[in-house]
Amino acid sequence: MAEAPQPVRGTRDLIGEDQRRFAHVVDTARAVCGLYGFDEWQTPVFEETRVFSRTLGETSDVVTKEMYSFADRGGDSITLRPEGTAAICRALVSNGLTQSLPQKIFYAGPMFRYERPQKGRYRQFHQIGAELIGPAEPLADAEVIALGRDILAALGIADATVLELNTLGDLESRGAWREALIGYFREVAEGLSEESRARLERNPLRILDSKAASDQALVANAPRIDGYLTATAQAHWDGVRRGLDQFGVAYRVNPGIVRGLDYYSHTAFEFVTTSLGAQGTVLAGGRYDGLVAEMGGPPTPAIGWAGGIERLAMLLSSAPAQPAPVAVVPMGEASQAAAIGVLQSLRAAGLRAEQSWRGNLKRRMERANRIGAGWAVILGEDELSRGMAQVKRLATGEQAELALDRIAAYIAAQDH
RNA sequence: GCGGACGUAGCUCAGCUGGUAGAGCGCCAGGUUGUGGUCUUGGAUGUCGCGGGUUCGAGCCCCGUCGUUCGCCCCA
């Protein structure tokens with residue numbers, strides 16, 4: 001035997017139960033987004049590299065070491081998208097839709113990051129996402145967060161997650177706060193972990209969500225954004241929290257939520273769980289008022305989030321069961337034609353129906369059992385000569401003889 | 001990029017202080033040539049991840065390598 005190929009590191013096949021869970025997450029999210037008036041977009045899985053390098057922040061890890069970038073045959077630098085929002089903004093601008101706001105967008109699809117895989121983290125992973133582009137009102141933030149909450153609720157996992165909320169302020173607030181943080185952490189730098197000392201130069205906000213125990217005490221006494229909010233930033237922050245109360249969304253303010261991508265301002269939030277090891281963030285986002293302009297469009301406020309489908313699927317207690325099929329069991333060549341007629345009549349009636357291709361009656365019944373069939377339709381020559389067949393309910397073993405053209409209606413009626 | 005754990009049958013795993021592989025499940029066939037799920041009898045399946053080393057002898061010890069997994073970083 002030739003050596004069998006394995007899937008590339010960090011990728012995996014979705015088969016059976018895995019695929020049903022995955023599809024259930026996407027289907028549920030799509031349906032709930034529809035209720036909120038969001039329309040689905042599809043954008044390419046790869047883009048010009050600058051779509052991401054320009055917008056995610058030159059120092060972010062996603063850009064500096066995680067992008068799948070390559071030169072195509074024409075020499076252009078292409079990148080497999082590491083996230084969805086930048087691509088959506090590019091599509092908005094490319095299609096001239098900045099003229100017709102607001103846009104309410106749902107998307108789902110694969111994303112790619114070159115990372116070390118671990119629980120709930122893959123190199124090809126999948127996200128659902130929602131973006132509301134146009135409104136600057138704090139109520140828009142609240143509605144988009146409520147949408148996320150409703151999807152988690154529809155999946156039955158809202159109770160397994162907590163919404164953590166923070167504000168990063170507007171540019172002015174954030175700049176002043178950042179300076180204060182740098183000043184403070186420089187004073188106490190000896191006490192910081194090695195990693196946080198590196199962050200001090202690169203991305204000081206990230207020190208706030210450090211997991212290192214030695215940093216926790218220092219972080220607790222660090223300057224808080226509250227003291228640096230401008231009047232407009234404060235008003236937005238107040239408005240978001242009021243809106244969440246009106247939507248009935250519970251949250252916990254967490255000053256440590258800073259988000260990893262540079263384009264966020266004002267609202268930042270994460271739905272987190274404790275049951276997925278180190279990868280607790282399940283659905284997260286924030287406001288990104290500067291991103292559309294960076295993509296070459298007019299200044300346009302926007303807010304959105306992305307959710308990890310693999311992580312959401314892992315939280316599901318089970319995938320929705322598929323309906324039990326009807327197994328059609330012909331006995332010999334003579335009954336094959338009749339079997340096809342019965343199969344098609346079952347399918348026309350909306351029933352899942354299959355037949356097996358080979359084997360004696362016993363073998364075919366075993367197969368019917370193995371595929372989880374609820375019914376078997378057995379086509380024997382004696383009955384066929386009278387235009388009849390045996391219809392067996394496999395759970396109970398009850399069996400009845402029915403006319404061929406009545407079978408589909410009979411089973412459809414019994415199934416509910 | 002860094003650290004820990006683990007790689008034995010299709011799956012889950014056992015395998016003693018080194019003596020050239022085992023169970024359960026699944027699969028195949030029979031008991032039952034027109035009836036599955038239970039029961040019962042029998043059967044097949046392995047380059048023990050890969051390469052090297054030590055040894056009379058390696059699944060077991062040593063080195064390397066690849067892969068998986070958990071964590072760090074980062075993120076969904």
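**Exercises on helix α4 and its surroundings**

In this predicted model, the buried residues of α4 pack against β2 (46-48), α2 (49-53), β5 (103-112), β6 (124-133) and α10 (291-294).

**Exercise 1.** Determine which residues of α4 are buried, and state what follows for the helix as a whole.

*Solution.*
Step 1. A residue is taken as buried when its relative accessible area is under 20%.
Step 2. By this criterion the buried residues of α4 are T85, A86, A87, I88, C89, R90, A91 and L92.
Step 3. Helix α4 spans residues 85-94, and eight of its 10 residues are buried; therefore the helix is largely enclosed by the rest of the structure.
Step 4. After the helix comes G96, which has a positive phi, near 65°.

**Exercise 2.** Establish how β6 pairs with β5 and with β11, and whether β6 is largely enclosed or not.

*Solution.*
Step 1. The pairing of β5 with β6 is antiparallel and comprises 10 bridges; within it, P110 has H126 of β6 as its bridge partner.
Step 2. Strand β11 (residues 302-308) also pairs with β6 in the antiparallel sense, over seven bridges. Here I133 has A302 of β11 as its bridge partner.
Step 3. Nine of the 10 residues of β6 are buried, so the strand is largely enclosed by the rest of the structure.

**Exercise 3.** Give the domain bounds of chain A and the separation of the C-alpha centres of domain 1 and domain 2.

*Solution.*
Step 1. The domain assignment lists domain 1 as 17-170 + 230-315 and domain 2 as 326-414.
Step 2. Between the C-alpha centres of domain 1 and domain 2 the distance is 49 Å.

Technical notes. Residues numbered from 1 in each chain as written. Chains lettered and ligands numbered in written order. Predicted model: local features only at pLDDT ≥ 70, side-chain atom pairs only at ≥ 80, totals over all residues. Heavy atoms only, no water. Buried < 20%, exposed > 50% of the residue type's maximum accessible area, 1.4 Å probe, protein only. Helix = DSSP H or I, 4+ residues; strand = E, 2+ residues; numbered from the N terminus. Contact = heavy atoms within 4.5 Å. Domains from an automatic or database assignment. Pairing = 2+ DSSP bridges.
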